[in-house]
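Me: I would like a close look at the cysteine residues of this protein and at the parts of the chain around them. Please explain the reasoning at each step, as I am in my first year of study.

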Amino acid sequence: MSLDVSPTRRSLLGVSAAACSACVLAACAPSTGGSGQSATGDSGQSGGPPVPEASGGTPVQVLKLAEVAVGDSASGEANGQKVLVYRPAEETVEAFSAICTHQGCTVAPAGAEFHCPCHGSVYSAQDGTVLDGPAPKPLQRFAAAIDGDWITVSV
């Protein structure tokens, strides 16, 4: 008596489905640079630590300093990129990308927060971290400075 050990159609379909599921899950995972951090610098956790400041770029005048009161935020553009600026103190400014990390909508300034009008994500204007989802990562941070009467941003 011999046993037939050839795979059945049902077992082949089950193995194929499991393999496809593994591929889909791997594609959804954040890419890492070997250090456990994603390519954008965060740990992949919702909110996560602030994204490191983008390096390089020439400072561009984005807004007049008088246009952004202490504790308030505003939007502008630097080298064709939409940016958000926050002024936490008299001599300090912060700048972030205005592109939501959820689905790429333009985020709007709202005092000490930034709000995405598309799906309701809320970011901290202090450090760009996610306060309320569905955004998966903080906003990209840009170098910002006060230069005379201007706020400059380097992208």
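Reply: The answer below begins with the chain as a whole, turns to the cysteines, and then follows the surrounding strands and side-chain pairs.

The model is predicted. Its protein chain contains 1 helix and 11 strands. Read from the N terminus, the helix comes before the strands, in the order α-β-β-β-β-β-β-β-β-β-β-β. Of the 155 residues in the chain, 31% are buried. The accessible surface amounts to about 8800 Å², and carbon and sulfur atoms account for 54% of that surface. Among contacts between residues at least 6 apart in sequence, 49% join residues at least 24 apart.

The cysteines can now be taken in turn. The count of disulfides is 1. This disulfide links Cys-105 with Cys-118, with an S to S distance of 2.1 Å. A pair of cysteine sulfur atoms must lie within 2.5 Å to be counted as a disulfide, and the 2.1 Å between Cys-105 and Cys-118 satisfies that cut-off. The torsion about the S-S bond of Cys-105 and Cys-118 is about -110 degrees, and the disulfide is therefore left-handed. Cys-105 belongs to the loop between E5 and strand E6 (108-110), while Cys-118 belongs to the loop between strand E7 (113-115) and strand E8 (122-124), so the bond ties together parts that are 13 residues apart in sequence. The two partners can also be described by their exposure. Cys-105 has a relative accessible area of 15% and is therefore buried, whereas Cys-118, at 40%, counts as partly exposed.

Cys-100 and Cys-116 require a separate argument. Cys-100 takes part in no disulfide, and its nearest cysteine sulfur, which belongs to Cys-116, is 3.8 Å away. Seen from the other side, the closest cysteine sulfur to that of Cys-116 is in Cys-100, and at 3.8 Å the two are too far apart for a bond. The cut-off for a disulfide is 2.5 Å, so the distance of 3.8 Å does not meet it. Cys-100 is buried, with a relative accessibility of 5%, and Cys-116 is buried as well, with a relative accessible area of 6%.

Cys-100 also has a place in the interior. The largest nonpolar core has 14 residues, and Cys-100 is listed with Leu-84, Val-107, Phe-114, Tyr-123 and Leu-139 as having the most contacts inside this core. Apart from this core lies another, of 13 residues, which includes Val-68, Ala-74, Val-85 and Ile-151.

Ile-151, named in that second core, leads to the strands at the end of the chain. Ile-151 in E11 stands opposite Ile-146. Strand E11 covers residues 150-154 and is mostly covered, as 4 of its 5 residues are buried. E11 pairs with E10 in the antiparallel sense over 5 bridges. E11 also pairs with strand E2 (residues 59-64), again in the antiparallel sense and over 5 bridges. Within the pairing of E2 and E11, Thr-152 of E11 stands opposite Gln-61. The hairpin of E10 and E11 has 2 residues between its strands, and Gly-148 there takes a positive phi near 70 degrees.

A positive phi also appears elsewhere in the chain. Most residues other than glycine have a negative phi. Asn-79, however, is a residue other than glycine with a positive phi, near 50 degrees. Asn-79 sits in the loop between strand E3 (73-78) and strand E4 (81-89), and its relative accessibility of 53% means that it counts as exposed.

Strand E10 is also held through a pair of charged side chains. The count of salt bridges is 2. In one of them, Arg-141 joins Glu-94, and the closest N and O atoms are 2.6 Å apart. Arg-141 lies in strand E10 (residues 141-147) and Glu-94 in strand E5 (residues 92-97), so this pair ties together parts that are 47 residues apart in sequence. Arg-141 and Glu-94 are both buried. The side chains of Arg-87 and Glu-90 also meet in a salt bridge, with an N to O distance of 3.0 Å. Arg-87 is buried, at a relative accessible area of 6%, whereas Glu-90 is partly exposed, at 49%.

Conventions:
Residues numbered from 1 in each chain as written. Predicted model: local features only at pLDDT ≥ 70, side-chain atom pairs only at ≥ 80, totals over all residues. Heavy atoms only, no water. Salt bridge = Lys/Arg side-chain N within 4 Å of Asp/Glu carboxyl O. Buried < 20%, exposed > 50% of the residue type's maximum accessible area, 1.4 Å probe, protein only. Contact = heavy atoms within 4.5 Å. Areas by Shrake-Rupley, 256 points an atom, 1.4 Å probe, with all protein chains shown as cover. Core = buried A, V, L, I, M, F, W, Y, C linked by side-chain atoms within 4.5 Å. Pairing = 2+ DSSP bridges.
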